[in-house]
Amino acid sequence: MKEDNCLHAALICLGMLYYSHAITTEKLNHARPSLHGHHEKGKEGQVLHRSKRGWVWNQFFVIEEYTGPDPVLVGRLHSDIDSGDGNIKYILSGEGAGIIFVIDDKSGNIHATKTLDREERAQYTLTAQAVDRNTNRPLEPPSEFIVKVQDINDNPPEFLHENYHANVPERSNVGTSVIQVTASDADDPTYGNSAKLVYSILEGQPYFSVEAQTGIIRTALPNMDREAKEEYHVVIQAKDMGGHMGGLSGTTKVTITLTDVNDNPPKFPQSVYQMSVSEAAVPGEEVGRVKAKDPDIGENGLVAYSIIDGDGMDMFEITTDYETQEGVVKLKKLLDFETKKSYSLKVEAANVHIDPKFISNGPFKDTVTVKISVEDADEPPVFLKPSYIFEVQENAASGTVVGKVHAKDPDAANSAIRYSIDRHTDLERYFIINAEDGNIKTIKALDREEMAWHNISVFAVEVHKQHQEAKVPVAIKVVDVNDNAPKFAAAYEAFVCENAQSNQQFITISADDKDDSANGPRFIFSLPPEIIQNRNFTLRDNRDNTASVLVRREGFSRQKQDLYLLPIVISDGGLPPLSSTNTLTIRVCGCDSNGSLLSCNAEAYVLNAGLSTGALIAILACIVILLVIVVLFVTLKRQKKEPLIVFEEEDVRENIITYDDEGGGEEDTEAFDIATLQNPDGINGFIPRKDIKPEYQYMPRPGLRPAPNSVDVDDFINTRIQEADNDPTAPPYDSIQIYGYEGRGSVAGSLSSLESATTDSDLDYDYLQNWGPRFKKLADLYGSKDTFDDDS
């Protein structure tokens with residue numbers, strides 16, 4: 001603490017000495033012309049008047065951060081007219097006057113009452129004035145002056161960032177610029193060395209250095225290797241006072257990362273890789289992996305693998321897994337342990353991207369030997385051929401040998417093989433196979449015309465390992481033999497005219513043979529020897545598998561013979577040839593002069609003598625017309641007899657039937673038939689519902705139904721009521737029959753309420769109470785009128 005106070009006092013003294021010259025200069029610059037001036041010669045003899053100074057300052061600055069026990073004397077104001085008798089009063093105004101700066105109004109001394117900080121404010125502008133103490137009359141005009149705060153080194157340097165991060169490529173040359181750090185000092189850069197900074201490195205040697213004046217950090221060692229050390233922590237110091245003793249300082253941390261360059265070739269960690277693969281592996285299956293290590297990262301560490309030599313180049317391939325940077329060895333073709341038991345590969349790993357700057361470091365690739373051993377697998381039997389084709393003649397005897405299949409065990413054990421036929425491919429069981437030697441034989445005769453080829457499958461199974469089996473397709477061709485004689489290609493029926501000419505051709509025939517072409521055409525047509533001298537017809541072989549039938553004589557008659565049967569012999573070209581006799585039916589027909597066919601029946605020929613064909617057609621047409629007229633007449637007559645109301649389709653209970661004459665009530669029993677009110681469907685004992693389908697049929701109780709033509713209305717209505725009450729299939733509504741007038745002799749009169757509602761009737765309907773429960777509703781409506789009136 002004592003050292004700080006001494007240092008502070010020394011700084012104040014230095015400041016006062018430094019500004020002693022400035023005070024004199026400032027006095028001269030601010031001197032005011034006086035009334036007692038003197039003359040000075042200017043240029044070209046001009047006389048200049050200099051006024052005598054009226055104000056005197058002996059100090060106008062103050063040291064910042066002064067912490068002494070007494071207020072700091074800033075300066076003194078003095079006027080020439082001040083005789084020292086105390087009649088002059090000094091007044092101070094302006095920035096900080098009365099708060100920071102106070103003045104002794106008698107002596108004019110100005111003191112700073114507070115500690116000042118130049119970094120907060122570097123100067124203050126004040127105004128001084130001298131007035132008469134008694135009258136406050138200004139004795140001097142106001143004069144403005146500046147109080148400057150003199151800087152001291154009280155602020156350490158500060159860096160823009162507390163931590164810096166920078167990158168530089170590894171293997172960079174010495175002096176490569178990494179980053180520039182910058183610090184600032186709040187002290188006055190124009191005064192002394194308080195703000196003069198010098199940079200130095202505290203941590204990070206000998207790898208990096210820093211320029212003292214600029215703060216640029218550079219590499220200091222050559223060939224720095226990222227793979228050896230990737231990150232460095234450097235501490236930089238900035239010190240003011242030009243770095244001299246007593247200066248203040250600040251530090252910052254710089255994290256420097258070496259970025260990767262491709263300066264390392266890939267390298268296999270071992271010289272030989274051993275792998276194994278089963279002979280049962282399929283192409284594309286992974287065999288193993290190799291990996292060359294490259295300490296570089298990113299694209300600089302990418303490695304591509306390839307097979308450059310070895311006896312397994314055709315059997316194996318290698319691909320690159322760029323996620324793991326491994327070389328994946330895969331099977332390319334099927335292996336056979338019995339043929340070759342091991343393979344050798346020479347694999348190369350090379351960098352994908354190469355930096356020309358480091359090509360001198362050597363080839364950026366490496367090679368390794370991969371030895372692959374083939375493991376024996378329990379393989380199924382293998383047929384000597386992928387498929388078999390055999391031939392056997394049709395109609396061969398049962399047990400005929402068709403052919404032989406052969407399979408072997410590819411394993412070193414060479415197990416015995418058993419054979420069998422897949423019965424799904426031989427459902428009819430035409431063949432059998434010897435389980436020991438693989439001979440295939442027939443079980444029954446084969447017919448080429450039914451099936452020319454038989455496609456079966458044969459299994460081969462190891463005797464001691466039933467799960468190891470193989471299958472081979474076997475195609476068996478049935479060889480044709482000439483066992484089918486030729487026949488007519490169609491069911492021919494020939495026609496010959498009665499007026500046919502001699503040697504006239506009337507039909508051409510052909511043949512068909514089910515046998516193969518070798519045993520079929522060419523066909524030979526001929527007549528049997530016994531009719532070769534037939535006087536009616538002859539045959540001509542066209543030598544193109546067809547034959548023409550010709551008329552040998554003229555003049556045929558249907559009355560004498562209308563049908564001829566001509567046998568024809570057809571032979572094929574097989575060895576030995578087969579032949580068959582086919583009969584051609586020939587009809588004698590009547591033809592016109594142009595040879596067009598008219599009729600082939602003998603009866604038609606007889607009728608033709610009496611009536612022509614046109615006459616017969618006319619007679620048939622008349623008969624048909626008469627039948628149509630009779631049918632129309634009968635149909636119209638039936639339509640007239642049909643009733644207007646179809647009782648079978650309608651329910652008259654829901655119909656209102658209107659009559660022009662309503663009858664005479666009980667007196668009139670002949671005005672209408674009471675049966676009209678009956679339901680025709682209910683006569684037989686069943687009343688169907690029209691709204692829903694009944695779940696069961698209702699059978700009315702016997703003895704309740706009156707005669708259909710009964711005129712006893714009371715019995716009829718009671719019967720209907722009982723039926724409706726007891727009928728579960730009756731509709732859920734009442735069927736009301738309304739009549740405009742029931743007759744003059746009706747005791748009850750009209751029951752209709754259509755007219756009574758509009759007239760003031762004085763009729764007494766109390767008698768309705770005696771009519772029973774059926775008329776209770778009407779009695780309530782009409783018989784209680786007086787009662788209601790009385791209650792009201």
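This report describes selected sheets, salt bridges, side-chain contacts and a surface patch in a predicted model.

## The sheet of strands 12, 19, 18 and 15

In the predicted model, 4 strands come together as an open sheet whose order is 12-19-18-15, and the pairing within this sheet is mixed. Strand 12, covering residues 163–169, and strand 15, covering residues 198–203, stand at the edges with a single partner strand each, so one side of each of these strands is left without a neighbour in the sheet. From one strand to the next, the twist of this sheet averages 30 degrees.

The partner of strand 15 in the order given above is strand 18, which spans residues 231–239, and these strands pair in the antiparallel sense over 5 bridges. Within this pairing, Ile 201 stands opposite Ile 236, a residue of strand 18.

## The sheet of strands 20, 26, 25 and 22

Another open sheet of 4 strands has the order 20-26-25-22, and its pairing is mixed. Its edge strands are strand 20, residues 272–278, and strand 22, residues 303–310, each of which pairs on one side only. The twist in this sheet averages 30 degrees from one strand to the next.

At one edge, strand 22 is joined by 7 bridges to strand 25, which covers residues 342–351, and these strands run antiparallel. One of the residue pairs is formed by Asp 309 and its bridge partner in strand 25, Lys 346. At the other edge, strand 20 is joined by 7 bridges to strand 26, residues 365–375, and here the strands run parallel. The bridge partner of Tyr 273 in strand 26 is Val 370.

The side chains of strand 20 alternate along its course: Tyr 273, Met 275 and Val 277 point to one face and are buried, whereas Val 272, Gln 274, Ser 276 and Ser 278 point to the other face and are not buried. Tyr 273 therefore belongs to the buried face of the strand, and Tyr 273 is also the residue that has Val 370 as its bridge partner.

## Salt bridges

Across the whole structure, a search finds 20 salt bridges. In one of them, the side chains of Arg 289 and Glu 326 meet with a distance of 2.7 Å from N to O. Arg 289 lies in strand 21, residues 286–290, while Glu 326 lies in strand 24, residues 326–331, so this pair ties together parts of the structure that are 37 residues apart in sequence. Arg 289 has a relative accessibility of 34% and therefore counts as partly exposed.

The side chains of Arg 418 and Glu 436 also meet in a salt bridge, at 3.0 Å from N to O. Because Arg 418 lies in strand 31 (residues 417–421) and Glu 436 lies in the loop between strand 32 (431–433) and strand 33 (439–442), the pair ties together parts that are 18 residues apart in sequence. Arg 418 is partly exposed, with a relative accessible area of 38%, whereas Glu 436, at 55% relative accessibility, counts as exposed.

A further salt bridge links Glu 449 with Arg 448, and the closest N and O atoms of this pair are 3.2 Å apart. Glu 449 counts as partly exposed at 25% relative accessibility, while Arg 448, at 17%, counts as buried. Elsewhere, a network of salt bridges links Arg 226, Glu 227, Glu 230 and Asp 260.

## A buried serine and a loop glutamate

Ser 548 is found in strand 41, which covers residues 546–551, and at 2% relative accessibility Ser 548 counts as buried. Its side chain is joined to that of Gln 505 by a polar contact of 3.4 Å.

Glu 338 has its place in the loop between strand 24 and strand 25, and with a relative accessibility of 30% Glu 338 counts as partly exposed. Glu 338 and Val 374 are 36 residues apart in sequence, and in space they are 9.4 Å apart from C-alpha to C-alpha.

## A nonpolar surface patch

On the surface, Leu 616, Ile 619, Leu 620, Ile 623 and Leu 627 form a nonpolar patch, and together these residues have about 470 Å² of accessible area. Leu 627, one of the residues in this patch, has its place in helix 4, which covers residues 613–641. Leu 627 has a relative accessible area of 54% and is therefore exposed.

Terms used:
Residues numbered from 1 in each chain as written. Predicted model: local features only at pLDDT ≥ 70, side-chain atom pairs only at ≥ 80, totals over all residues. Heavy atoms only, no water. Patch = residues over 30% accessible without salt bridge, like charges linked within 9 Å, V, L, I, M, F, W, Y side chains within 5 Å. Areas by Shrake-Rupley, 256 points an atom, 1.4 Å probe, with all protein chains shown as cover. Salt bridge = Lys/Arg side-chain N within 4 Å of Asp/Glu carboxyl O. Helix = DSSP H or I, 4+ residues; strand = E, 2+ residues; numbered from the N terminus. Buried < 20%, exposed > 50% of the residue type's maximum accessible area, 1.4 Å probe, protein only. Pairing = 2+ DSSP bridges. Axes fitted to C-alpha atoms, helices over the stretch in contact; angles between N-to-C directions. Polar contact = N/O pair within 3.5 Å; in protein donor to acceptor, adjacent residues only side chain to side chain.
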